[in-house]
Amino acid sequence: MTLDCDHQNPIVEKRLEGIYNLHTENSVFRLDKGPYIDLLEKLGNPHLNLPPTIHVAGTNGKGSTIAFLKSIYEAAGLSVHVYTSPHLIQFNERIVLGGKQITDDQLLHYFDLIDEANEGASITFFEYTTALAFKAFSDHPADICLLETGLGGRLDCTNVIQHPMATIITPIGYDHTDWLGNDIKVIAGEKAGIMKAGANCYITPQSHDVMDVFINKANELNIPIHLIKRNNDLPPLALAGDHQKDNASTAIEVVKNNHPDINDDIIKKGLRNTKWPARMEQISYDPEVWFDCGHNAEGAKTIAQQLEQWKNDDPNTPIHLILGLAADKNPNEFLKPIINYIDTLTCVDLLNARNPQNSEELKEKLDMLTNSYHYRDINELLANIGKKNNNKIIITGSLYLYGWARRNF
């Protein structure tokens with residue numbers, strides 16, 4: 001059983017086991033016809049009955065941008081639905097109804113509805129859960145719906161909504177290359193697939209040369225495109241990391257353009273109160289342990305910025321990296337911007353990811369181990385470094401490590 005199914009409610013856990021078994025790696029993604037579209041039709045096309053929706057695609061920063069938006073809108077007194085993935089601890093986190101995670105009883109109700117409507121047709125895990133979220137959202141009134149793509153954009157099963165209020169594309173990078181390819185402009189084109197006629201599109205600052213892809217798509221659809229510039233004059237943000245200024249700047253412009261009645265004081269309150277776990281989050285103070293869900297080269301660059309700041313603040317600060325990566329990630333590319341700032345490296349198992357990998361397999365792939373060391377397990381690591389003064393431990397490589405990190409630290 002995948003750890004994703006872990007749930008405090010054994011009845012929900014049993015149902016989740018069956019849903020996770022729906023996932024097939026060789027699925028053909030198409031949004032014009034097929035079992036998924038049939039399921040939505042049997043459910044009454046709930047995706048066409050959502051509150052005003054902001055649809056977000058990108059490689060990095062989707063969740064943080066959505067978190068900023070949610071916090072600002074809630075500070076303004078609005079009710080917000082949210083669909084994100086994956087979850088950190090348990091499945092309910094993925095579906096937020098009017099500001100509250102979906103309850104176990106609600107989940108069981110919608111499991112029954114989806115199963116009855118689907119009649120055993122061949123759908124994937126994400127199609128099942130997206131249809132469930134759409135149905136739940138359509139059944140419960142709210143002022144705003146924030147919708148995150150799962151993979152890509154053009155053929156993502158969230159991309160059945162026809163008239164979003166706005167679309168957002170966060171930084172593009174090399175991720176899910178087994179599905180999206182290795183050409184950064186092709187990847188950008190897939191993400192640009194969420195852009196729709198009649199809806200303004202907001203583009204977060206990009207680290208790759210892909211802006212022409214978005215501009216061409218916007219011209220094709222005859223829609224305004226907003227190229228966000230980082231606002232360095234922001235109030236203190238609740239989320240750590242310099243890159244969060246880009247995500248916050250994007251959220252602010254979306255809010256100001258679509259809800260001009262929300263004033264600066266409300267926006268500042270939302271920025272101060274934003275919560276989004278696992279993004280450069282301090283999860284322990286003794287020892288000092290941080291967690292970041294970065295799992296690709298672009299995510300590693302933002303982590304490196306934080307490590308560099310720590311070293312600049314105190315060059316004698318030992319930094320210890322605990323790393324778990326899925327088998328389809330390139331660990332050497334991930335470590336390239338980080339390696340000069342860390343003092344030790346510990347590889348750990350990542351067995352509940354879509355592409356699992358144990359620590360030994362990960363170690364064998366590494367070719368940049370200068371001035372770095374391996375500890376066999378967490379107890380040995382903590383025995384050697386955990387209680388020393390001014391040590392910093394950072395755990396990264398996958399969201400799937402978050403629950404493990406919480407249990408161990």
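A residue is classed as buried under 20% relative accessible area, as exposed over 50%, and as partly exposed in between. In the predicted model described here, Asp343 has a relative accessible area of 29% and is therefore partly exposed. The side chain of Asp343 forms a salt bridge with that of Lys311, with an N to O distance of 3.1 Å. This pair links distant parts of the chain, since Asp343 lies in the loop between helix 12 (331-335) and strand 12 (344-347), whereas Lys311 belongs to helix 11 (residues 297-313), 32 residues apart. The two partners fall into separate accessibility classes: Asp343 is partly exposed, while Lys311, at 16% relative accessibility, counts as buried. When residues up to four places away in sequence are not counted, Lys311 touches Thr317, Pro318, Ile319, Tyr341 and Asp343. The salt-bridge partner Asp343 is thus among the residues that Lys311 contacts.

In total, the model contains 18 salt bridges. Two further examples are found within single helices. In helix 8 (residues 211-221), Glu220 and Lys217 are 3 residues apart and so are separated by about one helical turn. Their side chains meet in a salt bridge with an N to O distance of 3.5 Å. Glu220 counts as exposed because its relative accessibility is 59%, whereas Lys217, at 23%, counts as partly exposed. A corresponding arrangement occurs in helix 13 (residues 359-365), where Glu360 and Lys363 are likewise 3 residues apart, which means a separation of about one helical turn. The salt bridge between the side chains of Glu360 and Lys363 has an N to O distance of 3.0 Å. Here both partners are partly exposed, Glu360 at 44% relative accessibility and Lys363 with a relative accessible area of 24%. The spacing in such pairs can be rationalised in general terms. An α-helix has 3.6 residues a turn, so residues three or four places apart point the same way.

Salt bridges also combine into a network, which links Arg230, Asp242, Lys245 and Asp246. Within helix 9 (residues 244-258), Asp246 is one of the buried residues. The others listed as buried in this helix are Gln244, Asn247, Ala248, Ser249, Thr250, Ala251, Ile252, Val254 and Val255. The buried residues of helix 9 pack against several elements, namely strand 1 (53-57), helix 3 (62-75), strand 6 (166-169), strand 7 (200-203) and helix 10 (264-273). The length of helix 9 was compared with the expected value. With 15 residues and 1.5 Å a residue, helix 9 should span 21 Å, and its end C-alpha atoms are indeed 21 Å apart, so the two values agree.

The loop between helix 9 and helix 10 contains Asn263. This residue has a relative accessible area of 39% and is therefore partly exposed. Asn263 and Met280 are 17 residues apart along the chain, and their C-alpha atoms are separated by 28 Å.

Helix 3, one of the packing partners of the buried residues of helix 9, also contains Glu74. At 31% relative accessibility, Glu74 counts as partly exposed. Leaving aside neighbours within four places in sequence, Glu74 is in contact with Val80 and Gly99. The C-alpha atoms of Glu74 and Asn219, which are 145 residues apart along the chain, are separated by 33 Å.

Empty space in the model was examined next. Rolling a probe the size of a water molecule over the atoms shows where empty space is left. The second largest pocket holds about 530 Å³ of space. This pocket is lined by 27 residues, of which Glu93, Gln101, Lys275, Trp276 and Pro277 are the closest to its centre. Two or more residues of the lining come from each of helix 3 and strand 4 (100-101). Helix 3 makes the largest contribution to the lining of the second largest pocket, with 6 residues. By class, the lining comprises 11 nonpolar, 9 polar and 7 charged residues. Helix 3 thus both contributes to the lining of this pocket and packs against the buried residues of helix 9.

Note on methods: Residues numbered from 1 in each chain as written. Predicted model: local features only at pLDDT ≥ 70, side-chain atom pairs only at ≥ 80, totals over all residues. Heavy atoms only, no water. Salt bridge = Lys/Arg side-chain N within 4 Å of Asp/Glu carboxyl O. Helix = DSSP H or I, 4+ residues; strand = E, 2+ residues; numbered from the N terminus. Buried < 20%, exposed > 50% of the residue type's maximum accessible area, 1.4 Å probe, protein only. Expected span 1.5 Å × (residues − 1). Contact = heavy atoms within 4.5 Å. 1 Å grid on protein atoms, 1.4 Å probe; cavity = no way out; pocket = protein on both sides within 12 Å on 5 of 7 lines; lining within 4 Å. Points joined across faces, edges and corners; volume = space filled by probe spheres on them. Nonpolar A, V, L, I, M, F, W, Y, C, P; charged D, E, K, R; others polar.
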